[in-house]
Amino acid sequence: MLHGRAAEQAEIERLLAAARAGQSGALVVRGPAGIGKSALLDDAAGRAEGMRVLRGVGVESEATLPYAALHLLLRAGLDRIHALPDAQASALNGALGLGDIAPESRFLVGLATLSLLAELAGDGALLCLVDDAQWFDQASIDALLFAARRLEAEGVVMIFAARSGFRAAGLPELRLGGLDGAAAAALLPADLPPQVRERLIEESDGNPLALIELPAALDAEQRAGRLPPVGAMPVAHRVQEAFQARIAALPEAARTALLIAAADGSGELETLVGAGASLDALETAERGRLIEVRGRSVGFRHPLIRAAAYQSAPVTRRLAVHRALADALARSAATDAADRRAWHLAAAALGPDEDVARELEEAAERARTRGGHVAVADAYERAAELTVDPVRRSGRLADAALAASDAGLMGRAAALADSATPDADDPDMITALVQVRAHREFELGTPLAAGRIILDGVPRVAARSTERATWLLVEAIRCAWFAGDSRLAEEAAAGLGALPGIDSPLVGGALGLARLLNGDVGGGIRLMGEAVDVPALTGLAVPGLTFTSALCLPLGRVGRYEEITAGVVADCQRSGMIGWLAIALREHGFAQGLLCRYGEARATLSAGLRLATELGHEHGIGHLTSSLAWVLAHQGDARECRAKAEEGVARADHQGQVLAAAIGRWALGLLELGLGRPDAALEQLSAIPSAGVGAISAADQVEAAIRSGRPERAKEPLDRYLTWARHVRQPSSDAVALRCRALVEEDEAHFADAVRLHGRGVQPYEQARTQLAYGEWLRRARRRADARAQLRGALETFDRLGAELWAERARAELRATGDVPAAPRRSGDPLSVLTPQERQVVRLAANGASNRDIAAQLFLSPRTVGYHLYKAFPKLGVTSRAQLAAIAPPR
């Protein structure tokens, strides 16, 4: 029975009831040692009537073994892995050491975990309890949090119990404090004198474990009331001291057995006995209520008992026990025995030891095959600590840094890279260290500083490898593009010119981007145009394709932009390259927006923002937030657009992300134009640098200047846009150029030519903008019939696209001509009634994808996909998947 936890029990009961009704939920129960987290999980398990229950407990000594905790949690359901999609089953089997194929991504393992939990829930409900989550290995935590954040309609409840240090952003938390006086008193023995009871309640601070264990540590005089003053130690320390006193009272053999169990942590009875723990000694410790022996597994009753058993032993005994465990594991047939042996040898090492370092290196590579990037970093870092040779030590630190970077631990990756010796001469090692430092700076600092890190490292790399230096300089130009820095681009381009040439369109595209940033619009566009042609893409991997797709924006090649990014997104989803997927979703969503597919763009960018937030990629968060605001500006969602744009600009300005800030300001400028506030629009658009998106957004700046009555401020942006349009030679940009000239020169011929040319383009929003401007001009010229024809065309397009602010402007202009415009509608977007996630699910289902296929692409469970379809069908007025193709035809 729990005392004083009625509110917490009610919260968990609410989650369990929702799960029985098919809804999922997650909760983090947080509090210090002994506060009752485990007891609350026990109570939850007892309340889970009719539900399947999975339980896992973190073990501190196994925190370096990738997926060890996940295996422990899921072991009762491993027989259902075969029911998962093949890629997921393969990834999870590889991660858990049950298959030969390594998982390609820890997030693919997370998706497989989500699918398996949904599968184990079946038609009922599942309770998943994770105790001591702060000691789970990082790979297991990544997978479980990935699943927890995506729970929706599976009937799964996940409850994590953890102390401080466990990060679970986005999950609701329940913080446990000390018990009140009445509940605390109920846990104390009834025969204690009142003054002793009061003293224990006061000193325990309501900690249940302290209330239970401290009375047992009192001697007869203390129980009688002779209590000495107690220092101001935290409760957990006092409880640990009580455990240490109980351990000290045990026979020597039992203390040794406890130390072996504490040092090992796996609980495998065979290993403990092999290391010298006798069964009689373990039985003695069990009678003392310090451990529990269940079958062939040994577990401590509380983590503080393990800590007390280990820390109370002299260092010489601890070292001897680690060596004994290493010897025992050398004879073990367990799949992870070699990894555990390596770590025990490392724990027993008194100084540098190349043999042990080599074993840790092998353990790191085994962890890599299972996707445990944190475990790889841990093993290589410890191997480096045991290495004498400075060059070899730096190589291991570089490997540790790269693994930490792959795991998304940017700060740790940079610290490891900084620990490497500066006189390493291996080009692979130097390149790796430069990339790690630059990557960390790009995501958490500024793109400009990242580019400078690369330029500083290039000379040492170039002296040993021209090819690696070339790709580093291409990366520096990419940093310059995001930073909007022409000087950095010029320096990187000069560095490329000084190297023996590598015949690659990608290099040419980078040089073109550098020229564009330095004002050579024609030369830059020519080189970039060659890079995005189909033959140039042959053989490019995801990073190269992502860079190439970004070149399409300044080229005005929006169709090509969408085509390449769609392929990159699909590649990332198939391979589980989640870090790159966040970038690909950003580019793909913006491309969809340029093609006026605003509902899809919003869904894509929202998915990318969610992913970047989970990864902690600050640069990605800022850029995606600004891009999402830009789409919202077209839709006319003024409140949400302004909030997103201001957030994105603030983030971008703080980090020197000039491109992201420009997109955010462009969004605000478009919003103000749509609201009929040209002065405010001109202020935002004039703040955008001329390079990058400054050329594309210049057309809106021209319109803002004209509508605000300041035509003199239209000249420079007009020249800028005309120059860009002349070189990119796209129908839509040529038409917009004519619209700009018509606004400035008030020449009807330019309006008429623009409308005609728009018919060959792929951007109906821009065509409607031109028709609106032409219709306004015609109305002012008192040619109402001609004006109505243009304004009706504009209104129909704006309504179809869901561009509400612009549609209302067209509607107002029509009323001014004496026409009665139709009510607002979105006849061309039947999916407008759906949420972004429902839209994605329906679009894929309409293309014939199964629930499992959709779940794999969107990182959901099949049951959640079914739930979204169940919600979408009545909104769309359909009753079957077969009817979806007519509503959402394939693109």
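**View 1. Helix 12 in the predicted model, its span and its buried residues.** Helix 12 has 13 residues, which at 1.5 Å a residue should span 18 Å, and the end C-alpha atoms of the helix are indeed 18 Å apart, so expectation and model agree. The helix covers residues 252-264, and its buried residues are A254, A257, L258, L259, I260, A261, A262, A263 and D264. Following helix 12 comes G265, a residue with a positive phi, near 80 degrees.

**View 2. I260 and the residues in contact with it.** I260 belongs to helix 12, and it counts as buried because its relative accessibility is 1%, which is under the 20% cut-off. When neighbours within four places in sequence are left aside, the contacts of I260 are with L272, A275, G276, A277, V321 and L325. L192 is 68 residues away from I260 along the chain, and the C-alpha atoms of these two residues are separated by 36 Å.

**View 3. Q240 in helix 11.** Helix 11 runs over residues 235-248 and includes Q240, a residue that counts as buried because its relative accessibility is 12%. Once neighbours within four places in sequence are set aside, Q240 is in contact with L304, A307, A308 and Q311.

**View 4. Helix 20 and the helices packed against it.** The 17 residues of helix 20, residues 390-406, should span 24 Å at 1.5 Å a residue, and the distance of 24 Å between the end C-alpha atoms therefore agrees with that expectation. Buried in helix 20 are S394, G395, R396, L397, A398, A400, A401, A403, A404 and S405. The partners against which the buried residues of helix 20 pack are helix 18 (354-369), helix 19 (373-385), helix 21 (410-419) and helix 22 (427-444).

**View 5. D132 and C596, two loop residues with positive phi.** Most residues other than glycine have a negative phi. D132, which is not a glycine, nevertheless has a positive phi, near 50 degrees, and is placed in the loop that lies between strand 3 (126-131) and helix 6 (138-149). C596 is likewise not a glycine, and its phi is positive at about 70 degrees; its place is in the loop between helix 30 (578-594) and helix 31 (598-615). D132 counts as buried because its relative accessibility is 7%, and C596 counts as buried because its relative accessibility is 8%.

**View 6. The chain as a setting for the close-up views.** The secondary structure of the predicted chain comes to 47 helices and 7 strands. For 891 residues, a compact globule would have a radius of gyration near 29 Å, and the 32 Å found for the chain agrees with this. Taken along the principal axes, the box filled by the C-alpha atoms is roughly 105 × 65 × 55 Å. Among the 891 residues of the chain, 57% count as buried, and the accessible surface comes to about 35,000 Å², of which carbon and sulfur atoms contribute 51%. Of the contacts with a separation of 6 or more, 66% are between residues 24 or more positions apart. The chain carries 100 positive and 110 negative charges, and the mean positions of the two sets are 4 Å apart.

Terms used. Residues are numbered from 1 along each chain as its sequence is written. This is a predicted model: local features need pLDDT of at least 70, side-chain atom pairs count only at pLDDT 80 or more; totals for chains, interfaces and linings use all residues. Side-chain values use heavy atoms; hydrogens and water are left out. Helices (H or I, at least four residues) and strands (E, at least two) are DSSP runs, numbered from the N terminus. The radius of gyration is taken over C-alpha atoms; the globule rule is 2.2 Å times the number of residues to the power 0.38. Buried means under 20% relative accessible area, exposed over 50%, partly exposed in between (1.4 Å probe, protein chains only). Contact means heavy atoms within 4.5 Å. Accessible areas come from the Shrake-Rupley method with a 1.4 Å probe; for residues, only the protein chains shown count as cover. Lys and Arg count as positive and Asp and Glu as negative; His and the chain ends are not counted. The place of a charge is taken as NZ of Lys, CZ of Arg, CG of Asp or CD of Glu. The expected span of a helix is 1.5 Å times one less than its number of residues.
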